[in-house]
Amino acid sequence: MSAQIFYNNITLLNRDAHKNLKLQRRSDFAFARKTHLVPLALQEFHQAARDYPILFVGEGDAQTPVALLGLKPETNSFVDEQGGWITGTYVPAFVRRYPFVLADTENDNFSVCFDADYDGWSEEEGEPLFDEEGKNTNYLQEVIQFLQSFTVEMRRTQAFVDRMKELKLMEKKRLDLRHPSGEQFSINDFYGIDEKAFLELDDADILALHKEGFLGAIYAHLISLGSSNSLFDRHIKRQAETQNHPEPEPELH
């Protein structure tokens with residue numbers, strides 16, 4: 001899936017061209033309101049599993065673990081009308097890194113970029129990215145460290161996916177959900193760990209997965225599928241709120 005979700009105008013950060021650039025820090029996630037899934041790093045599985053189904057999407061060798069945020073495209077059940085993320089739920093790192101992103105350059109190097117269309121940029125107020133001497137501020141250094149850690153962890157995540165395929169643990173799955181109200185919904189076309197095949201692995205493979213740090217992630221993924229029921233509940237409540245408070249129709253002039 002595209003790594004450019006949210007981003008409209010990715011621009012290379014330049015210490016000369018952007019020497020006065022400041023970022024107004026906000027707890028506003030309105031930019032993610034129409035995103036129903038985001039890539040998830042392996043390190044996040046345990047925290048994310050409490051709130052989101054962790055699914056694997058993509059075909060062939062391009063599968064990526066994602067946190068499912070909504071049951072329909074352009075619907076995020078975790079961003080409220082004010083743009084806030086639902087209190088007490090985990091915010092994926094992919095979301096938290098916005099409006100920054102690392103871009104691949106030659107020789108496997110990375111450059112810091114940002115979404116120039118984000119409305120939190122200013123030259124008057126906010127966290128400066130560069131000091132008076134043109135050096136990185138502590139804030140920008142923290143951003144860079146976060147981006148680098150996320151990039152490294154996503155590579156490890158791909159190694160996890162490759163290992164699951166090597167052990168033939170990936171299978172196409174379908175989740176059929178039923179709400180106490182009687183409504184039903186199916187989540188289709190995703191991959192997940194074949195629990196039966198996992199339980200049939202020999203001791204040597206289980207020990208190897210443990211030493212590779214992958215064993216816990218498998219259990220977190222399997223447990224996370226139970227979060228689909230609470231997601232369905234959020235989906236229905238959000239639908240009811242929309243029906244009770246429909247958007248006003250534009251006036252004709």
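**Buried residues and salt bridges in the predicted model**

In this predicted model, the residues that D115 touches are F6, Y7, N8, N9, Y98, P99 and W121, leaving aside residues up to four places away in sequence. D115 itself belongs to strand β7, which spans residues 110–115. The residue is buried but takes part in no salt bridge. R97, the nearest side chain of opposite charge, is 11 Å away from D115. Because a salt bridge requires a side-chain nitrogen of Lys or Arg within 4 Å of a carboxyl oxygen of Asp or Glu, the distance of 11 Å to R97 does not qualify.

The side chain of D115 is instead found beside backbone nitrogens. A polar atom of this side chain lies 3.1 Å from the backbone nitrogen of N9, a residue that is also among those touched by D115. The backbone nitrogen of D117 is likewise reached by the side chain of D115, at 3.0 Å.

A second buried position is S77, located in the loop between β5 (64–68) and α2 (93–96). Its relative accessibility is 3%; since buried means under 20% relative accessible area, S77 falls into that class. With residues up to four places away in sequence not counted, S77 touches L69, G70, I86, L231, R234, H235 and R238.

Salt bridges were then examined across the structure, which holds 9 of them. One of these joins R156 to E153, with the closest N and O atoms 3.1 Å apart. Both residues belong to helix α3 (residues 138–166), and because they are 3 residues apart, about one helical turn separates them. The two partners fall into separate accessibility classes: R156 is partly exposed, at 33% relative accessibility, whereas E153 is buried, at 11%.

Helix α3 also contains the pair E166 and R163, whose side chains meet in a salt bridge with an N to O distance of 3.4 Å. E166 and R163 are 3 residues apart in this helix and therefore separated by about one helical turn. E166 is exposed, with a relative accessible area of 55%, while R163 is buried at 11% relative accessibility.

R163 has a further salt-bridge partner in E212, at 2.9 Å from N to O. Because E212 lies in the loop between α5 (203–211) and α6 (215–224) while R163 lies in helix α3, this pair ties together parts that are 49 residues apart in sequence. E212 counts as partly exposed, at 32% relative accessibility. Through shared partners, salt bridges join R163, E166 and E212 into one network.

At the level of the whole protein, the model comprises 7 helices and 11 strands. Its C-alpha atoms fill a box of roughly 60 × 55 × 30 Å along the principal axes. Among the 253 residues, 45% count as buried. Of the contacts with a separation of 6 or more, 71% involve residues 24 or more positions apart. The exposed area of the protein is about 14600 Å², of which carbon and sulfur atoms supply 47%. There are 26 positive and 42 negative side chains, and the centres of these two sets lie 3 Å apart.

Methods
Residues numbered from 1 in each chain as written. Predicted model: local features only at pLDDT ≥ 70, side-chain atom pairs only at ≥ 80, totals over all residues. Heavy atoms only, no water. Helix = DSSP H or I, 4+ residues; strand = E, 2+ residues; numbered from the N terminus. Buried < 20%, exposed > 50% of the residue type's maximum accessible area, 1.4 Å probe, protein only. Lys, Arg positive; Asp, Glu negative; His and termini not counted. Polar contact = N/O pair within 3.5 Å; in protein donor to acceptor, adjacent residues only side chain to side chain. Contact = heavy atoms within 4.5 Å. Areas by Shrake-Rupley, 256 points an atom, 1.4 Å probe, with all protein chains shown as cover. Charge placed at Lys NZ, Arg CZ, Asp CG, Glu CD.
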